[in-house]
Amino acid sequence: MNQALYKGKIDFMQKDDVLRLLRDPNLLPSEKLTLLSNIATQAETLGVPCYVVGGFVRDLLLGKPINDLDVVVEGDAINLGRKLVEVYGGKLTPHFKFHTAIWHLPNSTDFVDLITARKEIYEMPGALPKVTPSTIEDDLRRRDFTINAMALRLDGEGFGEILDPLDGQADLERRVIRVLHPRSFMDDPTRIFRAIRYEGRYSFNIEPLTLGLVDSEALKVLHMLSGERLRHELDLILEEERAFQMVVRVASAGVLTSIHPKMPKFNQEYADYLEMDIQLDVPADRRSMGFILWFLDLTEEEIFSLANRLDFSNQLSLDVWAGAQLMRSLPHLVGAKPSEWTYALEKLPLLSIYAVYLISRENALLSYISFWRHVKPRTNGNDLKAMGLLPGPRFSEILLKLRSAWLDGEVTNESQEKELLAKLL
Ligand code: CTP
């Protein structure tokens, strides 16, 4: 945290301080500042008050680099989006039902979320809310935590002013995560994961009354959430640097068993490998790696049941299943020839093999990843055809035997391969 800014009165940030933070290129790249000023200019032309909200303000005040821009207007966000496209180019994806739009920036993969300030009414716990346009204050009051319920004004004279009706700055200073009202987790139980993520990420504490709201009623609502929503929250946790501590916290809050009775704890020894950079030529994906390591000791039946509950993609199910399967079959493979290892591993995803290597340190797995899987005989199908052989099962059998000979060191150069081929023919 930028301590200097909190000397004296803590719950009031001077506009000059905010402007200084906004102009710090380590927090906000200059092109993003220009983008904000462009949005402000067009909002002013349309006469609609306009703010950045949520994580932007939280991270700015904490002196952390800004990731995404969520812009709220007290007016029609879709209209503002159209104006931005007209003046600066890019593309707009409007969502008329929610009065929101995504502005895809020209010549870039970046985008800005444009939101009409709104009030939300949750008619059923856990269901998506009913939305009606309203003021920025109402928009802040519909949010999850005080530290996420601040706005920074963009248009006109107000540029750089912080709107903080729920004392988010004071909670940033106290380093606490606090909900805005007691039904918050009932309305949206994904906020339980969010609270734990912010707590772990910033080394904050979930304020005791807020923690007390993670009770059996809230967990019942969480139990009803769709697999897709739950998996998304777990994905976000796995992306975090302190994923293991977060999963421990999620488990101790009773959340894991509410998701599924077979949901395991994360073995710390396994979780530590999530922090390692993958040095080898293995497609790295932290979420998949996270789930492979997390579910590594489960049975096939448990994995399919969890994959079903969490709406895993086919690929993720395969990754996780393959990791656990390999872990179980490892003792039977130890001592096998390189060719036997190679054929046993060849159908498994590389990431799963790599995960099991990290845990077991079985050298054969590393040899497979870095070397054996690339070994091929010099002779290929065309060569066999040229020798008058007809394509068929015998074809693959010969090529397989040649490959095995290379893998197992029985053949080490081209002339030895030719000798073997002659014998096989
Ligand atoms: N929000 C909320 N309730 C949710 C999800 C989001 O109130 N269940 C609000 C919060 O004000 C949050 C904002 O929407 O700040 C944007 O959500 P999101 O992009 O998910 O979070 P960020 O604040 O950007 O945090 P992160 O750094 O984790 O992405």
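**Helix crossing, domains and ligand contacts**

Trainee: At roughly what angle do the axes of helix α18 and helix α20 cross?

Mentor: Happy to start there; keep in mind that this is a predicted model. Helix α18 covers residues 338–345 and helix α20 covers residues 363–370. Their axes come within 10 Å of each other and cross at roughly 70°.

Trainee: Are α18 and α20 roughly parallel or roughly perpendicular to each other?

Mentor: Use the crossing angle of roughly 70°. Angles of 65 to 115 degrees count as roughly perpendicular. The two helices, α18 and α20, are therefore roughly perpendicular.

Trainee: Which residues make the contact, and how many of them are nonpolar?

Mentor: On the α18 side, look for W341, T342 and L345. On the α20 side, the contact is made by A364, L365 and Y368. By class, there are no charged residues in this contact and one polar residue, while the number of nonpolar residues is five.

Trainee: How far apart are the C-alpha centres of domain 1 and domain 2?

Mentor: The domain assignment puts domain 1 at 1–174, domain 2 at 260–374 and domain 3 at 381–424. Between domain 1 and domain 2, the distance from one C-alpha centre to the other is 41 Å.

Trainee: Good, now the ligand. Which residues come nearest?

Mentor: There are 15 residues around the ligand. Among the polar contacts, a polar backbone atom of G55 is 3.1 Å from a ligand oxygen atom. The side chain of R58 has an N or O atom 2.9 Å from a ligand oxygen, and for a polar side-chain atom of R201 the distance is 2.8 Å. The residues that come nearest are R58, D144, D188, R197 and R201.

Conventions: Residues numbered from 1 in each chain as written. Predicted model: local features only at pLDDT ≥ 70, side-chain atom pairs only at ≥ 80, totals over all residues. Heavy atoms only, no water. Domains from an automatic or database assignment. Axes fitted to C-alpha atoms, helices over the stretch in contact; angles between N-to-C directions. Helix = DSSP H or I, 4+ residues; strand = E, 2+ residues; numbered from the N terminus. Parallel < 35°, antiparallel > 145°, perpendicular 65-115°, else oblique. Contact = heavy atoms within 4.5 Å. Nonpolar A, V, L, I, M, F, W, Y, C, P; charged D, E, K, R; others polar. Near = heavy atom within 4 Å. Polar contact = N/O pair within 3.5 Å; in protein donor to acceptor, adjacent residues only side chain to side chain.
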